[in-house]
Amino acid sequence: MKGPAPGPLAGRRVLLHVCGGIAVVKVPELITTLRRQGAWVRVAMSPAATAFIAPMTLQALAGAPVATALLDGGAGEGGHGMAHLELAQWAQCQLVVPATADMVARLAVGLADEIVSATCLASPAPLVVAPAMEAAMWRHPATRANIARLEERGASIVPPVEGRLASGHEDVGRLAPPAAILAAVAAATIGRPAADRFAEPGDRALAGARVLVTSGGTREPIDPVRYLGNRSSGQMGAALAGAALRRGASVVLVTAAPPPPPAPGLTVVQVETAEAMLAAVLEALPPARLALLAAAVADWRVAAPAPDKLRRAGRGRLRLDLVPTPDILQHVVQARPPGCLVVGFAAETGALLPSAQEKLRAKGVDLLVANRVAGSKSAMGGGRAAALILAADGRRRTVAYAPKPQVAEAILDEAVRRLVPPTPD
Ligand code: CTP
C-alpha cells in the first residue's frame with residue numbers, strides 16, 4: 001500500500017470498523033479524508049455492513065484488504081489467519097462508523113462473534129464511536145445505558161446530529177459531520193507516536209528495562225469484613241503498564257485493584273494494604289529503571305483491626321483509632337537504584353498547580369502527574385483523565401481530558417525522554 005501523505009494524522013494507523021446502516025454512504029469520504037490527512041487506514045466490516053456497501057469499494061479507497069470475517073487469513077499479515085488479532089495489534093485508533101444501536105450494544109456487552117466487535121474487544125487502541133440510528137433507538141434507555149458504559153470505559157462518542165433520517169423524519173440520529181469524527185480521531189491519537197516510528201523495532205525505548213507500576217486503591221481493614229478504601233479503579237496503572245509493555249519493557253504491576261488481562265512481559269503482584277504494597281514495591285525496585293507510582297494509597301490505617309466482625313447491636317457510635325501508613329513514594333525515592341526515574345502522582349480536589357508544585361518539591365520525584373479527582377472530569381474511578389505533568393527540570397505539559405491509555409502514552413513519552421541511558425558494565 002502507498003505510504004501516508006504528510007498531514008495532521010501523518011503515519012497514524014486508523015482501523016475503521018464499518019457497520020450496517022444507511023450512513024455507510026459517508027464512509028468512502030471518511031476514508032479518503034483520513035488518508036489525505038496522512039493516516040494509514042485499514043477496514044473491518046460487520047456482516048450487516050457488507051449488505052450496504054461492497055468490500056471491494058472500501059478496499060480500493062483504503063488501499064488495503066478489507067476484513068469481513070473473524071477467521072480471514074487474507075486480511076492480515078500475522079500469518080495465523082485470525083484477522084481480528086492482527087488488526088487489534090495493528091491499530092493505534094479504532095473508529096466505529098456508523099455505529100448502529102446493535103453494534104453499540106454489542107460493544108457495551110463485549111460480544112465477539114463477528115470481526116468488528118471481536119477486534120474492538122481484542123485491541124488496546126482507543127475507541128472512537130460515531131453512532132447513527134433512528135431517534136427512538138438513540139433515545140431508548142437501553143442505548144443510553146450502553147453509550148454511558150462505553151464512555152465509562154474511555155471510548156469517545158461522537159454524538160449523532162439532527163436531520164432527515166432513514167424513516168423520513170427530521171430528528172436526532174444522523175451521523176455527525178466528517179469534521180467532528182476526524183477531530184475525535186485526532187484527539188484519540190494525540191501523544192501516540194507515528195506508525196513508522198512505532199513500527200521500528202530498534203525504537204523500543206524501554207526494551208530490556210524493568211518498569212515498576214503501582215495502582216489501585218489500598219484497603220485498610222477495620223475488621224475481617226470492612227475496610228477503609230477509596231474510589232481508585234486501577235485503570236491508570238493498567239494503562240501505564242500497557243504503554244510500558246508496548247515500548248518493550250518488562251513490567252511489574254503492584255496493584256490493589258483487580259489485575260488486567262495477562263500479557264507477555266507483565267508480572268502482577270496483588271496486594272491489599274499500604275504495608276503490603278510497600279513490601280512488594282521494595283522487592284521489585286532494585287532492577288527498575290522507571291517507577292510510576294499511580295496507586296491511591298490510603299494515608300491512614302486502623303491501628304488495631306478487630307479480629308472478629310464488629311457487632312452493631314448495643315454499640316451506638318464507633319470511634320476508629322487511625323495511624324499513618326508508610327509513604328511508599330518517599331521510600332522509593334530514597335531506595336531507588338542509580339539512574340532510576342521516579343514518577344509520582346497527585347490526586348487533588350483544589351487548585352492543581354500549587355499543590356502539584358509543592359508535591360514535586362517535597363517528594364523529590366523526577367516527574368509529578370497531577371490529576372483532578374473531583375467534579376465531572378474526575379480522574380478517579382472512570383476511564384478518562386486530564387493531567388498536568390510537572391518535571392523537576394522545570395518543564396510542564398498539560399494533557400487534555402482523554403481516555404486513560406492516551407494519558408498514559410503522554411506520561412511514558414515524558415518519562416522516556418528523561419531516562420539516562422544505562423552505563424555499560
Ligand atoms: N503515596 C504513597 N504512599 C502513601 C500516600 C501516597 O506512595 N501512603 C503516593 C501516591 O501513590 C502518589 C503520591 O504519593 O504517587 C501522592 O499521593 P497523594 O494522595 O496525591 O498525596 P499525599 O502524599 O497522600 O498527600 P495529601 O493526601 O496531603 O494530598
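Which residue has a polar side-chain atom 3.0 Å from an oxygen atom of the ligand? In this predicted model, the residue is Asp299. I shall begin with the ligand and then turn to the sheet.

Two further polar contacts deserve mention. Lys363 places a polar side-chain atom 2.4 Å from an oxygen atom of the ligand. At Pro326, a polar backbone atom is 2.9 Å from a nitrogen atom of the ligand. On its own, the ligand has 560 Å² of accessible area, and the protein covers 76% of that area. The ligand is surrounded by 16 residues. The closest of these are Leu293, Ala295, Phe345, Lys359 and Lys363. Lys363 thus appears both in this list and among the polar contacts.

Let us now consider the sheet. It is open, has six strands, and follows the order β3-β2-β1-β4-β5-β6 with parallel pairing. At its edges stand β3, residues 66-67, and β6, residues 156-157. Each edge strand has a single partner, so one of its sides lacks a neighbour in the sheet. As a general reminder, strands of a sheet pair through backbone hydrogen bonds, in either a parallel or an antiparallel manner.

Strand β1 covers residues 13-18, and six of its six residues are buried; it is therefore largely enclosed by the rest of the structure. How are the two faces of β1 arranged? Arg13, Leu15 and His17 lie on one side, Val14, Leu16 and Val18 lie on the other, and all of them are buried.

On the β2 side, β1 pairs in the parallel sense with residues 40-45 over six bridges. Within this pairing, Leu15 has Arg42 of β2 as its bridge partner. Helix α1, residues 27-36, joins β1 and β2 in making a right-handed β-α-β unit.

β1 also runs parallel to β4, residues 93-99, and five bridges join the two. Here Val18 is matched with Val97 of β4 as its bridge partner. β4 in turn pairs with β5, residues 127-131, in the parallel sense over four bridges. The bridge partner of Val96 in β5 is Val129.

Finally, I turn to helix α6, residues 115-122. Why is α6 described as largely enclosed by the rest of the structure? The reason is that six of its eight residues are buried. Those buried residues are Ile115, Val116, Ser117, Ala118, Thr119 and Cys120. The N-terminal end of α6 is capped by Glu114, which has a side-chain oxygen 3.0 Å from the backbone nitrogen of Val116.

Key
Residues are numbered from 1 along each chain as its sequence is written. This is a predicted model: local features need pLDDT of at least 70, side-chain atom pairs count only at pLDDT 80 or more; totals for chains, interfaces and linings use all residues. Side-chain values use heavy atoms; hydrogens and water are left out. Buried means under 20% relative accessible area, exposed over 50%, partly exposed in between (1.4 Å probe, protein chains only). Two strands pair if DSSP finds at least two bridges between them. A crossover is right-handed if, with the strands pointing away from the viewer, the path from the first strand over the helix to the second runs clockwise. A polar contact is a pair of N or O atoms within 3.5 Å; within protein, one must be able to donate a hydrogen and the other to accept it, and residues adjacent in sequence count only if both atoms are side-chain atoms. A residue is near a molecule or strand if one of its heavy atoms lies within 4 Å of it. Accessible areas come from the Shrake-Rupley method with a 1.4 Å probe; for residues, only the protein chains shown count as cover.
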